[in-house]
Amino acid sequence: IHPTIECVMVTGDSNSDIASAHVILTTPEKWDSITRKWTDNLYLIGSVKLLLLDEVHLLGDGSRGGCLETIICRMKTVQRAATRVQQQLKRHHMVEVAVEEERQMLSRFVLFVLFLLCSLSCAFISRSYLFPFCFFFF
């Protein structure tokens, strides 16, 4: 594998840090164990983009087939949940941007009104009815 790609092998004996890994090699049983509490680690487990399974012919097997089926179903559920979270974050960001734009527009309007009031008061004090011209861009 390329030197910049971090590969981690997770077995029953090791406690490897999978958070920094690009590729995780493990058994179906160990992955089942890691992902059982996926809601506690949604960001980590939800960042999995590809799941490769070896020995898929064991799906019908009584001893290991249930584990394979479980992790396949769980990963589909995790991906749906991660997609929903990403969509909510995008919507939240869009609302924040809209609120910021509205705030900026309101502050420009307030500045414009203050400028007009100052111009009117200056014109009233000097008894001159020649108002200064102003260009204000929204």
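**Close-up views of a predicted model**

**Figure 1. Surroundings of T35 in the predicted model.** Leaving aside residues up to four places away in sequence, T35 touches I45, R74 and M75. T35 itself belongs to helix α1. Its relative accessible area is 0%, and T35 is therefore classed as buried, a term that applies under 20%. With R74 there is also a polar contact, formed between the side chain of T35 and the side chain of R74 at 2.8 Å.

**Figure 2. The largest pocket and its lining.** The volume of the largest pocket is about 620 Å³. Its lining comprises 25 residues, and those nearest the centre of the pocket are I24, L25, L50, L51 and L52. Three elements, β2 (23–26), α1 (28–35) and α2 (42–46), each contribute at least two residues to this lining. Strand β2 provides the largest share, with four residues. Sorted by class, the lining of the largest pocket holds 17 nonpolar, four polar and four charged residues.

**Figure 3. The second largest pocket and its lining.** For the second largest pocket the computed volume is about 150 Å³. The residues that line the second largest pocket are L42, Y43, G46, S47, K49, A82, V85, Q86 and L89. Two or more of these lining residues are given by each of the elements α2 and α3 (65–125). The largest share, four residues, comes from α3. In terms of residue class, five of the lining residues are nonpolar, three are polar and one is charged.

**Figure 4. Position of D54 in the loop between α2 and α3.** Which elements does the loop holding D54 connect? This loop lies between α2 and α3. D54 has a relative accessible area of 63% and is therefore classed as exposed, a term that applies over 50%. Between the C-alpha atoms of D54 and T27 the separation is 9.2 Å, although these two residues stand 27 residues apart along the chain.

**Figure 5. T35 and D54 shown as a pair of views.** The first panel presents T35 in helix α1, and the second presents D54 in the loop between α2 and α3. T35 is buried, with a relative accessible area of 0%, whereas D54 is exposed, with a value of 63%. Labelled partners in the T35 panel include R74, whose side chain makes the polar contact of 2.8 Å with the side chain of T35. In the D54 panel, T27 is labelled, with its C-alpha atom 9.2 Å from that of D54.

Methods:
Residues are numbered from 1 along each chain as its sequence is written. This is a predicted model: local features need pLDDT of at least 70, side-chain atom pairs count only at pLDDT 80 or more; totals for chains, interfaces and linings use all residues. Side-chain values use heavy atoms; hydrogens and water are left out. On a 1 Å grid over the protein atoms alone, a cavity is a set of points where a 1.4 Å probe fits but cannot get out, and a pocket is an open set with protein on both sides within 12 Å along at least five of seven lines; lining residues have an atom within 4 Å of a point. Grid points are joined across faces, edges and corners, and a volume is the space filled by probe spheres set on the points. Ala, Val, Leu, Ile, Met, Phe, Trp, Tyr, Cys and Pro count as nonpolar, Asp, Glu, Lys and Arg as charged, and the others, Gly among them, as polar. Buried means under 20% relative accessible area, exposed over 50%, partly exposed in between (1.4 Å probe, protein chains only). A polar contact is a pair of N or O atoms within 3.5 Å; within protein, one must be able to donate a hydrogen and the other to accept it, and residues adjacent in sequence count only if both atoms are side-chain atoms. Contact means heavy atoms within 4.5 Å.
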